[in-house]
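Reader: I would like a close look at a single part of this model, and then at the parts of the chain that connect with the description of it. Please explain each term once as you go, since I am new to reading structures.

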Amino acid sequence: MPSSVLFEVRRQAEESVEKLVNHDRDHKVFNSGDSVFSDKDKMREQGKRKFSWRNETDESFARMRKIAQQRKSLPIASVERRVVDEVRKNDTLIIVGETGSGKTTQLPQFLFNAGFCRDGKLIGVTQPRRVAAVTVAKRVAEECGIELGQKVGYSIRFEDVTSSTTRIKYMTDGLLLREALLDPRLSKYSVIIVDEAHERTVHTDVLLGLLKNVQRARLRSPTNQCLVDSKDFHTSKVLPLKLVIMSASLDARGFSEYLGNAKAVHVQGRQFPVDILYTYSPESDYIDAALITIFQIHLEEGPGDILVFLTGQEEIESVERLVRERALHLSEDSRKILTVPVYSALPSEQQMQVFRPAPDGFRKVILATNIAETSVTIPGIRFVIDTGLVKARSFNPRTGMESLVIIPISKAQALQRSGRAGREVPGKCFRLYTEDEFGKLAESTIPEIKRCNLSNVVLQLKALGIDDVIGFDFMDKPSRMAVVKSLEHLYVLGALTVEGKLSDPVGFQMARLPLDPIYAKGLIVASKLNCLEEMLIIVSMLSVESIFYSPREKMEEARAARKCFASQEGDHITLLNVYRASVESLEKSRMGNQETIRDKTVEKKLNKWCRENFINSRSLRHAREIHRQILGHVQNMGLNVTSCGQDMDQFRRCLAASFFLNAAVKQPDGLYRAMASGQTVQIHPSSVLFGTKPDCIIFNELVRTNHNYIRNISRIDPLWLSEFAPHYYGNKE
DNA sequence: CGGGAGGTC
């Protein structure tokens, strides 16, 4: 076994890309400071804050000046005029902006100041993640010296901080897609900026195709609306839609070709240099190589924290143990090493540990999944150890089977990972693979749309009036088989007619519900079988990450806690019990006073209840939010929210009627056969039915790990299948 | 006997 890993050094190559050179640097083009103060003036005119005004202004004046200075120093500030000109001249523009260029916060302000919000039109900026939409909006509102929700606001699921005065609106890309269902021409927007387009999330990809269509439609008929009132004419006329695609990747060609050879400009970033180190020879055991490298850095390099990219929770836990063990062999002085794990399933309090600086003299070693690649930015990182691997979801459209496999990352991902070392100071990235191996990596990650279940996407496109889904102009087309399978799936669920049109009312109702189509259908079925109240809870609980929290060191306690909720009938009723128990505990803690759900002390009590019962409080909170939102939807649709009371057989009949596509029957060998695909599957160990062998079950998840597992399972009577889905299972009796 | 990361009017 090697005692050290040898690395060769490469300076990160500077790619040759057309750059937006700054010719304006000597000119005073920067004028957004004016707008900052004019907002202040307005506030004064309106006579707001009469008494505290003076004091506050002194403070905020200094802060404003500091903000204005920071803004001026951003790389994009020096090219404001040129970027704005390019947006004026081109209906579609691609901006390749490196990390730290300031594109996300500045461009919308530039465009606002240049008059792109005339006639009350909005600039929409989409982000793949909620936190990004919120934090960027907050920052921009502060830069403008206004209250969030006024000129600058954000809108994400469950949270809309905008008003009629909002002109710059940050939002998640998924939310804009939902908006398009209500207003297919997105007529209130003059500009839409799609940020982080290089991440190529499903939502981004669908949105890009949609925006192309909207742009064309708006050009064809700028004012095709029938207007009675001439006053409305000016406020609702539809102008061409300006589209700005912002990407961090250096390869803008793909976007440009897709968007009709759109012009691409490059805006410099502000990152510290990162030395790239490759191993001299391939490492067969990346865990061991990572361990050795951690200690090599710890003993040989200067101060600075280490970020290690690993593939999953289990791996992180074992590396954590190994680092602690090996640290014991170090001299007392060099033992000062602190490991901190980060992965999404970790409770948020523990996730927060990564942001805490290490105690004096300690070096922090962060062991992270891909969460640290984009979602969580950790300060203080100077060294990155990149295993070159990632656990990725893959989906087999033929069988409907999802699986998680460890695969090599792409070059773009390797670049993104190494960049995590150069945010505050020059850094180093230790790649646990050779330069030759790096050369063989794919240029970029396969877009998610090519490796996921498309049922939802297809339903959304149909609802947007796009009938030819197979011919839809995706930047990267998913396989024909994947689309056809989704069309079939939606047809069997009753969302589509034989002609492939959205069915009325079922298809329309399903498309309106922000849920997996099979869950949306479940609600409609349940409303007819008098257990919509129960089904609402179940689809909310099934829509979130695992509700149960079972840390390795307290596995027995967690198991005991779960037993309190367990139903012999299966996981669905177990989830129902958990939800209802949580509501009961909430009501108890609220008893006697008029506190609202949002009250902090009630929230704390719920968290305490979660801790005691080994429930993931983040997941439960999420489920409660979904429940509230979907309840609103089904009420608006006029569905009856009735309960089956104690009649759990009725509820299981409803589960069978809803999820008949996911039925499985026991084989003589004790394994199960999934009836739709004929695959052999087994009950996942996390199911309450694990160890029992009911003859017939329905399930909600099909995942391949070491085995083909099914999860979230309930026992059903096989006769119910032919009763509720005769068209699928036939009348066997 | 086991869970990459996002996200939805």
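Author: A polar contact is a pair of N or O atoms within 3.5 Å of each other; within protein, one atom must be able to donate a hydrogen and the other to accept it, and residues adjacent in sequence count only if both atoms are side-chain atoms. The model is predicted, so local features need pLDDT of at least 70 and side-chain atom pairs pLDDT 80 or more, whereas totals for chains, interfaces and linings use all residues. Residues are numbered from 1 along each chain, chains are lettered from A and ligands numbered from 1 in the order written, and side-chain values use heavy atoms, without hydrogens and water.

The part to look at closely is the surface near DNA strand B, where "near" means that a heavy atom of the residue lies within 4 Å. This surface is made by 35 residues, and the closest of them are Arg130, Leu175, Ser344, Lys391 and Thr705. If we turn to the strand itself and take its atoms within 4 Å of the protein, 66% of them belong to sugar or phosphate, while the rest belong to bases.

Three individual approaches show both kinds of atom being reached. At Arg130 a backbone N or O atom is 2.6 Å from a phosphate oxygen of DNA strand B. At Arg393, by contrast, a polar atom of the side chain lies 3.0 Å from a base oxygen of the strand, and at Glu448 a polar side-chain atom is found 3.4 Å from a base nitrogen.

To place the surface within the fold we need helices (H or I, at least four residues) and strands (E, at least two), which are DSSP runs numbered from the N terminus. Four of these elements, namely helix H6 (173–182), helix H11 (313–327), strand S15 (389–396) and helix H23 (617–637), each contribute at least two residues to the surface near DNA strand B. The most comes from H6, which gives 4 residues.

Let us follow S15 away from the DNA. Strands count as paired if DSSP finds at least two bridges between them, and S15 is joined by 8 bridges to strand S16 (residues 401–408), the two running antiparallel. Within this pairing Ala392 is found opposite Val405 of S16. The two strands form a hairpin with 4 residues between them, where Gly400 has a positive phi near 75 degrees.

The model also contains an open sheet of 8 strands, ordered S5-S4-S6-S3-S7-S8-S2-S9, in which the pairing is mixed. At its edges are strand S5 (159–161) and strand S9 (263–267), each of which pairs on one side only. As an example of a pairing within the sheet, strand S2 (residues 92–97) and strand S8 (residues 242–247) run parallel and share 5 bridges, with Leu93 standing opposite Val244.

Lys169 belongs to strand S6 (residues 168–172), another member of the sheet. Its relative accessibility is 5%, so Lys169 counts as buried (buried is under 20% relative accessible area, exposed over 50% and partly exposed in between, with a 1.4 Å probe and protein chains only). Although Lys169 and Val152 are 17 residues apart along the chain, their C-alpha atoms are separated by 6.0 Å.

Arg200 sits in the loop that leads from strand S7 (189–194) to helix H7. With a relative accessible area of 11%, Arg200 is buried, and its side chain makes polar contacts with the side chains of Asp205, at 2.7 Å, and Asp476, at 2.9 Å. H7 itself is mostly covered, with 14 of its 19 residues buried.

Another set of strands lies further along the chain. Strand S21 (residues 696–704) and strand S22 (residues 708–715) run antiparallel and are joined by 7 bridges, and a hairpin of 3 residues connects S21 to S22. In this pair Ile698 stands opposite Ser714. S22 also runs parallel to strand S20 (residues 680–683), with 2 bridges between them, and there the partner of Gln682 is Tyr709.

Finally, some backbone angles deserve attention. Most residues other than glycine have a negative phi, and most peptide bonds are trans. Asp119, however, has a positive phi of about 60 degrees; its place is the loop between helix H4 (103–113) and strand S3 (122–127), where Asp119 is partly exposed at 45% relative accessible area. Asn530 likewise has a positive phi of about 60 degrees, and its loop lies between helix H18 (517–528) and helix H19 (532–542). The peptide bond from Asp504 to Pro505 is cis, with omega near 10 degrees, and Pro505 is found in the loop between helix H16 (480–492) and helix H17 (506–512).
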